[in-house]
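Here are some friendly notes to read alongside the structure. Keep the viewer open and find each residue as it comes up.

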Amino acid sequence: MENIKLTFKFSKKIKIVLGSLILFGLIALAYGILNFSSEKVWSALVLNSVNFVTISLGATFFIAIHIITQSGWHVSLQRIPEAISMYLPIGAIILILMIFGINHVYHWTHEIHHDPVISGKEAYLNIPFFVIRLVIYLSVWTLLTLKLRKLSKNSDIDDGLKFYNKSRTYAALFLVFFAISIVIFAWDWLMSIEAHWFSTLFGWYVMAGVIVKSFALIIIVLAILRSLGYFEFITTDNIHDLARYLFSFGIFWMYLWFSQFMLIWYANLPEETFYFVKRVENYKFLFLLNVVLNFAIPFLVLIVRKFRRILWIVTSMAVIVFMGQWVDQYLMIFPGSMKEVQSIGFFDIGLTIGFFGLFLWVVLKSLTKANLLPENHPYLNESFHYKNI
Amino acid sequence: MSEISTREPLIKGNKSLTNITDDVFNPIVARPNKLWFFGLTIAGTAALIGLIAIVLTVWKGIGLWNVNKTIGWGWSITNFVWWVGIGHAGTFISAILLLFRQHWRTSVNRSAEAMTIFAVICAGLFPLIHMGRFLLAFFIFPYPNTRGVWVNFNSPLLWDVFAITTYFLVSLIFWYVGLIPDLGTVRDRMKTKFKKVIYRFLSFGWTGSAKHWQRFEIVSFTLAGLAAPLVLSVHTIVSFDFATSVIPGWHTTIFPPYFVSGAIFSGFAMVLTLLIVARKTMNLQDYITLNHIELMNKIIILTGSIVGVAYLTELFMAWYSSNEYELFTFINRATGPYWWAYWIMMTCNVVSPQLFWFKKLRRSIGFTFFMSILINVGMWFERFVIIVTSLHRDFLPSSWEMYKPSIIEVLIFVGTLGIFFSLFLLFVRFFPVIAMSEVKTTIKNK
Amino acid sequence: MEISGYYDREANLLDAVKKLRENNISIKDVFSPYPVHGLDLAMGLKRSWLPKAAFVGGAIGAISGFGLQAWVFTRAYPINIGGKPFLSVPSFIPVTFECAILFAALSIVLAYLFKSNLGAGADNKIYDERATDDHFVVVLDASNFVHNDAEKIKMKLEETGALDIKYHN
């Protein structure tokens, strides 16, 4: 293990590439502001802010769940989700800025007194309470994420076991809070866009999407770092396990999607079905594409064991899943916030590319702040030596 | 491996390979103790009483039950869902925990899987009896027939037929595939000729060849991959029985995952009830350690909390939906004539598992045993609350009704408890209760 | 004729298998009380094709499950249920899924039993009853050896730490 790079160097070349991605996003934003309605611009901004903030939250979930279950397989790549989770504070600030555009996306903010159904929900759907909830979960998420990261970093200097045992309390706290807050987050930021609509499963459905997305991003970031010559010590079995996660949680996501859709379709109650009627009729292509990208393609490819062990195949599946989750989020937001049927164009994609550039910048920047391998982690050896059936 | 580890050893007592064989083999040949005979007598009597009640029902008709037009599903479907739920822990342990590489499952998976199979047998009885004409039950399978009709593939009740049948068969196969090597060990140890012949037959000619082991591992793993989504699907489809309807309190999209979680919750409670007794009476404390009990209690907190969050989500959505029927149903559950059932459910399922956050209580065997019973009671009441309270207040107030079970319904339930415990007692007597070969892979001093 | 060597430790067994193979002595079979990790690699066993049986079975199950429902509801017995279309795909999914799982599980298990010659009443040769308890057995095919070779093999087995060596006819 002599030639292995244990620290990451954020070279100028990468900075230029990422900087131009961000610039591209800003151009797209300017183009959008000049050409489209404020509803569309704000909807797209909300989509991307929510998307990336939940991805970094999912990365903390990844770390916490592995601490709590005393897993060992992931230790060699643990610094990647840690770095991804470091986007959370910045993402949180961006999400708070979205409050300024809340009128353009969420009809309940101004229609509350004209609409009897919405006014019945006023005790929950009102701007002050919305903001209070937002501040509470963003700050708890950020605090616990930073704490877990700090404990992990400390373990590099000192006794690994001590910090590991300490982190178990925080991981448990995080998981409990995450499980409740992500559901409320989903109601607030995604479900309330269709203020009339309700579905008890929605929160868990969004949670499954968040988990899948963050697995996909971990794989994508790993592949990028591998192509730059880092993380050579990741074994084929590590990749196999990541692929399995992507595969099985993709199925889980599909299961929740189906449960929600089928029950509403089957019972056929008008106060619920209008949500899907809108989406099937006006966005038929995206509606089907959602299932194809998130489930059909990754399922059929990753079911083959050989493919689960090849990084570029796994990575392309991760990219497809990431796009699929983007489409899913698009379908949650745009049909609700916009009266006219929308099409995806330069603006929507460009803005996401810009956000991705910023996201990656933060992730790579935080990678430089710690060793790439948590050398004192009690289960480090295990992640090199286990074999998959 | 020389790494530092904070994990506790999986089994205690520094066992050698032969020790493990001895510990599992001896109860099979030893004369069972009085407790065992006593248990079997009680369970067998209960089963017999249940059988009589079933025969009476088939003979005289469903009129012996107290279900009526408004509450068409009473105890029978409550018990069905309860038993199916209990039948989820075994396959969860052996499939999902295998995929997640939780090696501790090796000590408990065999008995948990057996329990699953017995629970599914008990569950399957109820719809069969409830259909009224027991002997024509095969009508529910789709086959070309002279009546010129086909089954209704749009009906969740038919999906249930497929789900339960598949689940029963796959669990049975999975369990038996795992049993084959251990039955081989029993065969090779057995001294009496007659028993040897029987175990030779049961062990399918197992030799322990490297090629067989290689295939065995890959088959177990693939079966686990198949059984994992199957576990989710079974209780999902059971929940569809309710959720596809438009009855307030039944039609809610959270039902599928919430039912699955509740099923695993109650299943683990039943596993704990059985194993706490079994480890004591069969001297398996070294295999089913305090650590195993603690880990299972952790799964109970997890699934119990998921169930709790689901209850609260339902309540919130009943208000948020602005649907007055939905809201009425939930207020009626908590304050209506069946309020006591609702609050039993809430205390047993949501409040009490939270006590397991304390490590001391998680590792207390007496407390865990008490909790496991409490949770099973709570989960029974959950199904009762869902079924009866949603039905007893119809859309038409003129059909509002009350329901309490007849003695026959109660006896059938008691009977299934008897069948379940009898089968389990027979299982621990004649089969290796611990997956020997799997435990042998986990010990260090080999 | 066959020669079998007995070991009481997993590590010795793996060692012996490697050494024997290095000396170009082909191993007929190895018996162990539990799956020994790395043994398939040491013996040079190929990966099993059994998961493919599950895949094929599952695909057949899914297609026939869906096909049956579609045929029944569009051709054999079309009936209006709750105003749903005859070909109501969402409500066909559960049965399709269950059929896929059932067929996949049955195919892989049947293929496994058939391929391994396991089944009710199967009477495979047992070299030593300790092999399912705590001993590891290496079996060599010695029918082609002349007497001297057999002696040499025996020496080799002893070298690798075999506790016991037996001849079988």
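1. Start where chain A meets chain B; please remember throughout that this is a predicted model. The contact draws 51 residues from chain A and 44 residues from chain B. Together the two chains bury about 4000 Å², and 68% of that area lies on carbon and sulfur atoms. On the chain A side, A:T200, A:W204 and A:L263 are the residues that lose the most area to chain B; together they make up 19% of what that side buries.

2. A word on why area is quoted here at all. The size of an interface is often given as the accessible area lost when the parts come together.

3. Which side chains form a salt bridge between chain A and chain B? They belong to B:R101 and A:D241, with 2.4 Å from N to O. The count of salt bridges between these two chains is one. Polar contacts between chain A and chain B come to eleven residue pairs, with both residues at pLDDT 80 or more.

4. Now look at which helices build the side of chain A that touches chain B. Helices α9 (160-189), α11, α12 and α17 (380-385) of chain A each give at least two residues to that side. The largest share comes from α11(A), which supplies 14 residues.

5. One of those helices, α12 of chain A, is worth a visit by itself. It covers residues 270-282, which is 13 residues, and spans 17 Å from its first C-alpha to its last, close to the 18 Å expected at 1.5 Å a residue. Where does α12(A) bend? The bend is at A:F276 and amounts to about 25 degrees.

6. A:F276 is also one of the buried residues of α12(A), along with A:E272, A:T273, A:Y275 and A:R279. What do the buried residues of this helix pack against? Their partners in chain A are α10 (202-227), α11 (236-267), α13 (284-302) and α15 (311-337). You may recognise α11(A) from point 4, where it supplied the largest share of the side that touches chain B.

7. Next, move to chain B and chain C. Here 56 residues of chain B are in contact with 64 residues of chain C. The pair buries about 5400 Å², with 68% of it on carbon and sulfur atoms. Three residues to click on are B:W150, B:F153 and B:N154: they supply 13% of the area that chain B buries against chain C, more than any other three residues.

8. Between chain B and chain C there are two salt bridges. One of them joins C:D133 to B:R189, whose closest N and O atoms are 2.8 Å apart. There are also 20 residue pairs in polar contact, both residues being at pLDDT 80 or more. The elements of chain B that give two or more residues to the side touching chain C are α1 (17-29), α6 (156-189), α7 (193-202), α8 (210-243) and α16 (436-442). Of these, α8(B) gives the most, with 18 residues.

9. Finally, two backbone details to check. Most residues other than glycine have a negative phi, and most peptide bonds are trans. A:Q70 is not a glycine, yet its phi is positive, about 55 degrees. You will find A:Q70 in the loop between α2 (38-68) and α3 (79-85) of chain A. Is A:Q70 buried or exposed? It counts as buried because its relative accessibility is 17%, and the cut-off for buried is under 20%.

10. C:N117 also has a positive phi of about 55 degrees without being a glycine. Look for C:N117 in the loop between α4 (89-115) and β3 (136-141) of chain C.

Terms used
Residues are numbered from 1 along each chain as its sequence is written. Chains are lettered from A and ligands numbered from 1 in the order in which they are written. This is a predicted model: local features need pLDDT of at least 70, side-chain atom pairs count only at pLDDT 80 or more; totals for chains, interfaces and linings use all residues. Side-chain values use heavy atoms; hydrogens and water are left out. Helices (H or I, at least four residues) and strands (E, at least two) are DSSP runs, numbered from the N terminus. The expected span of a helix is 1.5 Å times one less than its number of residues. The bend at a residue is the angle between axes fitted to the seven residues ending there and the seven starting there. Buried means under 20% relative accessible area, exposed over 50%, partly exposed in between (1.4 Å probe, protein chains only). Contact means heavy atoms within 4.5 Å. Buried area is the accessible area (1.4 Å probe) that two parts lose on being put together, summed over both. A salt bridge is a side-chain nitrogen of Lys or Arg within 4 Å of a carboxyl oxygen of Asp or Glu. A polar contact is a pair of N or O atoms within 3.5 Å; within protein, one must be able to donate a hydrogen and the other to accept it, and residues adjacent in sequence count only if both atoms are side-chain atoms.
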